[in-house]
Number of protein chains: 2
Amino acid sequence: MQHATNPRDTKAEIHHAALDLFSAQGYEKTSLREIAEQVGITKASLYYHYKSKQELLRAIIGTFVDDIREVMARADGLDWSPAAARELLSSYLDVLIRNRASGPALTRDIGAVLASIDEDIEAIVTTSRQFQVWLAGPDPTSVDRIRAAAAIEALGASISAELPIGEISDAELHATLLDAAITLLPSKPD
Amino acid sequence: MQHATNPRDTKAEIHHAALDLFSAQGYEKTSLREIAEQVGITKASLYYHYKSKQELLRAIIGTFVDDIREVMARADGLDWSPAAARELLSSYLDVLIRNRASGPALTRDIGAVLASIDEDIEAIVTTSRQFQVWLAGPDPTSVDRIRAAAAIEALGASISAELPIGEISDAELHATLLDAAITLLPSKPD
DNA sequence: GTCTATACCTTGATAGAC
DNA sequence: GTCTATCAAGGTATAGAC
C-alpha cells in the first residue's frame, strides 16, 4: 500500500486499464492505443512497462493459470482415493470460482490466453491430461476416462456466462458443482 | 452440383484452404495472404468471393452454429419431461460429436467465432439461456439451474482436446456422456 | 463474371531523442 | 520514463483489366 499522492504507478494503471478493456471487449478487439489513451500516455510508453501485448495479458491472467496448474500438479504421485479425488476437485473448483467474474472473458479469449502461455503450453497440456487420467482412478477404462473428463468439464459451469451471477452464491455454486462432479466420477471398489 | 472438369470453383477452393489453415493454426494467426497464396490467387481476389475474413469463418462454422441453435430452439414451447430432456440432450450431443474433429479449433477461437456471429449473438445467448432453464425442469431452484448448466457443460467433454480421439469411438462417447448428463439433471417427480 | 494492382488505414512493435 | 517517428504486416476498398 502506498500513499495517495504518489509519483503515479503507471505500470499498475496500465494493468488496471487493460483488465477493464479486455474484460469489456476481449483481448483481440482491444488495441494498445486504446489502453494507452485511457491511461493518458502514448502507445510506445506501454512498451517500457510491458514487453508485448501478450505479456500484459499474461500479467493479468497469470495467477489464474498458475493456480490451476498447481492444483493439477498435486495429483502427481498421489495415490488415488475417493477422498483425494474429492479434495483435488474441490481445490480446482475453488480457483475457478475465485475467478468467476472474469470467467467469460477468459473463455472467450482462450486463443490469446493459450498463446500468452506458449512455452509452458506443452507442459500444461501434459499436466492436464495426467490430472484427468488420475481422476479416472486406477486402471481406467475408456468409459472411466470420459466420465472423468465430463466431471472436470462440469466444474467449468461455474464460469458459464449463462448462469445468473447475482442470484447464486459462491458457496451454493461450490457445493452443487462439487457434488455433481463427484457423481460423474467412475465409482471404484474400495 | 457441377461437373468435375470445371472452370475451377475458386470459392470452394478458398473455403477448403481456409478450413485447413484455420484448423492448423487458428483463425487469428492465419492471414488472408496465406490463404490466397495456397489457392494461387491474390488477396484481393478473396474479396470477390467473401466480403470479409469473418464471413469466411462464418461460412466454415455456419452449419455447426445453426445446428446447435436449432436443437436448443426445439425446447421452446415444448413441455418438459425426462424423455424430452433426454431427447434434446442427445441431439445436442450429436451435433458436438459430428464436429468432434474440429472441436479444439472451434474452442480455441471462440472469440473469433462469436465475433463472426455478431448480430445473432444476442439471440443465441437468449436461446441458450432458455434451453438451460428448460432443462432444469418446471419451477427450477438455483441448484436445479446449476445442475442443468453442469449437464450441458459435461457434454462439452466430447470436443475436449484431452480425450484421445483415436481410442474412443463416437458411439461410446455418445452413450457415456449422455448418461453422465442425465445423471446430473435435477430429478423431478413425475 | 472473375480476377489483379494498388493504395489506405490500423495494429503491434522498435529506435532514438529529450 | 515518456515522447516522436517509423516500420512491417494485416484487413479492407476500389478501379479497372480481361
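This is a short tour of a predicted model, with suggestions for what to select at each stop.

**Before you start.** Residues count from 1 along each chain as its sequence is written, while chains are lettered from A and ligands numbered from 1 in the order in which they are written. Because the model is predicted, local features need pLDDT of at least 70 and side-chain atom pairs count only at pLDDT 80 or more, whereas totals for chains, interfaces and linings use all residues; side-chain values use heavy atoms, with hydrogens and water left out.

**Stop 1: the two protein chains.** Select chains A and B. A turn of 179 degrees with a shift of 0.1 Å along the axis lays chain A on chain B, at an RMSD of 0.2 Å (a least-squares superposition on the C-alpha atoms of residues with pLDDT of at least 70 in both copies). That is the relation of a two-fold axis. To find the axis, pick Ala154(A): its C-alpha, at 2.5 Å, comes closest to the axis among the residues of chain A. Both copies use the same surface, as 100% of the contact residues of chain A recur in chain B (contact: heavy atoms within 4.5 Å).

**Stop 2: the core.** Now select Ile35, Tyr92 and Leu135 in both chains; they have the most contacts inside the largest nonpolar core, which has 116 residues. Such a core is a set of buried Ala, Val, Leu, Ile, Met, Phe, Trp, Tyr and Cys residues joined through side-chain atoms within 4.5 Å, and buried means under 20% relative accessible area, exposed over 50%, partly exposed in between (1.4 Å probe, protein chains only). Zoom in on Tyr92(A): leaving aside neighbours within four places in sequence, it is in contact with Ile68(A), Val71(A), Met72(A), Phe131(A), Ile152(A) and Leu155(A).

**Stop 3: DNA strand C.** Show strand C with the 16 residues that surround it; among the closest are Tyr47(A), Ala44(B) and His49(B). A residue is near a strand if one of its heavy atoms lies within 4 Å of it. Next, look for these pairs with phosphate oxygens of strand C:

- Leu32(A), through a backbone N or O atom, at 2.8 Å
- Thr10(B), through a polar side-chain atom, at 2.8 Å
- Thr42(B), through a polar backbone atom, at 3.0 Å

Then colour the helices (DSSP runs of H or I, at least four residues, numbered from the N terminus). Helix 3 of chain B gives the most to the surface near strand C, with four residues.

**Stop 4: DNA strand D.** Switch to strand D, where 16 residues also form the surroundings, including Thr42(A), Tyr48(A) and Lys53(B). Of the strand D atoms within 4 Å of the protein, 61% belong to sugar or phosphate and the rest to bases. Phosphate oxygens of strand D lie 3.1 Å from a side-chain N or O atom of Thr10(A), 2.8 Å from a polar side-chain atom of His49(A) and 2.7 Å from a side-chain N or O atom of Lys53(B). Here helix 3 of chain A gives the most to the nearby surface, with four residues.

**Stop 5: a backbone detail.** Finish at Asp139(A), in the loop between helix 8 (121–135) and helix 9 (142–155) of chain A. Most residues other than glycine have a negative phi. Asp139(A), however, has a positive phi, near 45 degrees, and counts as exposed at 73% relative accessibility. Jump to Asp139(B) and you will find phi near 45 degrees there too, in the loop between helix 8 and helix 9 of chain B.

How values were computed. Polar contact = N/O pair within 3.5 Å; in protein donor to acceptor, adjacent residues only side chain to side chain. Helix = DSSP H or I, 4+ residues; strand = E, 2+ residues; numbered from the N terminus.
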